[in-house]
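Trainee: Could you walk me through this one before I set anything up? I'd like to go piece by piece.

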Amino acid sequence: MRAVVFEDYQTFPTLKDVEKPKPGPGEVLLKVAGAGACHSDVAIFQDFTEGAPGAQKPQFTLGHENSGWIEETGPGVEGLKQGDAYLVYGPIGCQQCRACSRGQDTYCENAATMPYMGVGLGRDGGMAEYVRVPARNLVPLGDADPIAAASLADAGLTPYHAVKLALPHLNGGGKYALVIGLGGLGLLGVQILKALTGATIIATDMKPEAMAEAERLGAVTVPGGEGQAERIREITGGRGVDAAFDFVGVAPTVQTAMDSTARQGRCTIVGIAGGSYDWSFFTAPYEVELTSTYWGTIEELYEVVDLYRAGQLEPMYTTYPMDRALEAYQALVDGQVSGRAVVVPHA
């Protein structure tokens with residue numbers, strides 16, 4: 001079968017023929033419906049070096065945002081029907097610690113001893129015609145379109161987890177939420193905020209077309225640039241937002257998020273661009289929570305699918321056939337992807 005393989009650090013991936021996997025005990029083989037290309041993949045092959053925090057040892061097939069149809073089940077797997085559609089929960093923990101018992105594999109207490117972080121993250125992923133995954137990591141899609149759903153495995157789950165943790169700051173009337181960065185995650189973040197809260201959603205980006213999309217989804221928009229935080233505060237009557245979500249994570253966007261957050265508010269850095277923030281007692285809003293977040297739980301992915309099936313989430317994506325999979329990654333590197341690039345191996 002064909003697969004997009006990460007072969008070495010700081011080296012663009014390769015589209016090549018690899019052996020079709022066989023499901024082991026407790027595993028299933030999925031015929032891949034869609035595989036999302038994510039900036040985390042770009043970090044794997046472009047940014048990381050051997051031994052760096054987060055680096056995954058080559059070689060393996062990329063793709064941690066996956067959906068597909070059951071092709072084959074391994075020994076011990078019962079109750080799953082061939083041809084049914086599922087979304088794949090990407091993280092894989094030890095399944096023996098307290099975090100994993102909560103379905104929070106992202107914070108596995110034994111992560112340092114695991115040979116990989118998840119599907120497409122050290123272990124062969126779904127940027128291929130078929131992918132082998134633990135049966136426990138499947139979330140049923142029913143009759144929903146699995147191609148459109150593929151990116152929800154990360155681009156939907158990550159903002160959902162971040163928003164849920166911030167809900168205590170957004171309960172009640174007169175609340176404001178800020179979304180910085182309107183790519184695949186940010187636009188879904190706008191929709192999740194709309195579905196879960198009654199807050200006024202302020203969205204900002206450097207791209208006019210991205211802000212137009214956010215406006216269509218119900219957000220008030222503020223363009224990036226000089227005076228950005230002041231304009232955001234003006235919308236809130238000078239108080240600032242109750243919860244800010246930075247889906248970029250460079251130093252200027254982190255600064256904007258903190259400058260826009262109200263006293264006792266919550267500022268969540270979701271983007272992993274590596275920006276830093278120079279905190280001091282008198283410049284940060286009093287009692288503000290500045291935090292990071294990482295992916296989410298499998299239970300939350302079930303909830304994301306519920307929102308999607310109810311028509312409350314509309315993933316923005318562009319599809320690529322398998323023979324153009326590398327073009328999808330190049331477009332991502334060049335900043336030319338609106339929403340998500342989803343590779344469809346069997347188109």
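Mentor: Gladly, and please keep in mind that this is a predicted model. Let us begin with Asp 259, which is found in helix H8.

Trainee: Okay, is Asp 259 buried, partly exposed or exposed?

Mentor: Asp 259 counts as partly exposed, because its relative accessibility is 33% and the partly exposed class runs between 20% and 50%.

Trainee: And which residues is Asp 259 in contact with, leaving aside neighbours within four places in sequence?

Mentor: With those neighbours set aside, Asp 259 is in contact with Ala 229 and Arg 233. As for Thr 158, which is 101 residues away from Asp 259 along the chain, the C-alpha atoms of the two are separated by 23 Å.

Trainee: What does helix H8 lie across?

Mentor: Helix H8, which covers residues 251-260, lies across strands S11, S14, S15 and S16, and it runs at about 150° to S15.

Trainee: Those strands sound like part of a sheet; what is the order, and is the pairing parallel or antiparallel?

Mentor: The sheet is open and has six strands in the order S13-S12-S11-S14-S15-S16, with parallel pairing. Its edge strands are S13, residues 220-223, and S16, residues 289-292, each of which pairs on one side only. From one strand to the next, the twist averages 20°.

Trainee: Which other helix packs on the sheet?

Mentor: Helix H4, residues 157-170, packs there and touches S11 (176-180), S14 (241-246), S15 and S16, while its direction makes about 165° with that of S14.

Trainee: Zooming in on S15 and S16, how many bridges join them?

Mentor: Four bridges join S15, which spans residues 261-269, to S16, and the two strands run parallel. Within that pairing, Thr 268 stands opposite Thr 291 in S16.

Trainee: Which side chains of Glu and Arg meet in a salt bridge there?

Mentor: The side chains of Glu 289 and Arg 266 meet in a salt bridge, at 2.9 Å from N to O. Glu 289 lies in S16 and Arg 266 in S15, so this pair ties together parts of the chain that are 23 residues apart in sequence. The two partners fall into separate accessibility classes, since Glu 289 is partly exposed at 33%, whereas Arg 266 is buried with a relative accessible area of 12%.

Trainee: How many salt bridges does the structure hold?

Mentor: The structure holds 15 salt bridges. One of them joins Glu 213 to Arg 216, whose closest N and O atoms are 2.4 Å apart.

Trainee: How many residues apart are Glu 213 and Arg 216 in helix H6?

Mentor: They are three residues apart in helix H6, residues 208-216, and are therefore separated by about one helical turn. Glu 213 is partly exposed, with a relative accessible area of 21%, and Arg 216 is also partly exposed, at 48%.

Trainee: What about Arg 324?

Mentor: Arg 324 forms a salt bridge with Glu 327, with the closest N and O atoms 2.9 Å apart. Arg 324 counts as partly exposed at 34% relative accessibility, and Glu 327 does so at 41%.

Trainee: Which residues are linked in a network of salt bridges?

Mentor: Such a network links Glu 27, Arg 123 and Arg 132.

Trainee: Changing topic, which residues form a nonpolar patch on the surface?

Mentor: That patch is formed by Trp 279, Phe 281, Phe 282 and Tyr 286, which together have about 540 Å² of accessible area. Of these residues, Phe 281 lies in the loop between S15 and S16.

Methods:
Residues are numbered from 1 along each chain as its sequence is written. This is a predicted model: local features need pLDDT of at least 70, side-chain atom pairs count only at pLDDT 80 or more; totals for chains, interfaces and linings use all residues. Side-chain values use heavy atoms; hydrogens and water are left out. Two strands pair if DSSP finds at least two bridges between them. Axes are lines fitted to C-alpha atoms, for helices over the stretch in contact, and angles run from 0 to 180 degrees between N-to-C directions. Contact means heavy atoms within 4.5 Å. A salt bridge is a side-chain nitrogen of Lys or Arg within 4 Å of a carboxyl oxygen of Asp or Glu. Buried means under 20% relative accessible area, exposed over 50%, partly exposed in between (1.4 Å probe, protein chains only). Patches are made of residues with over 30% relative accessible area and no salt bridge: like charges are joined within 9 Å, nonpolar side chains (Val, Leu, Ile, Met, Phe, Trp, Tyr) within 5 Å. Accessible areas come from the Shrake-Rupley method with a 1.4 Å probe; for residues, only the protein chains shown count as cover.
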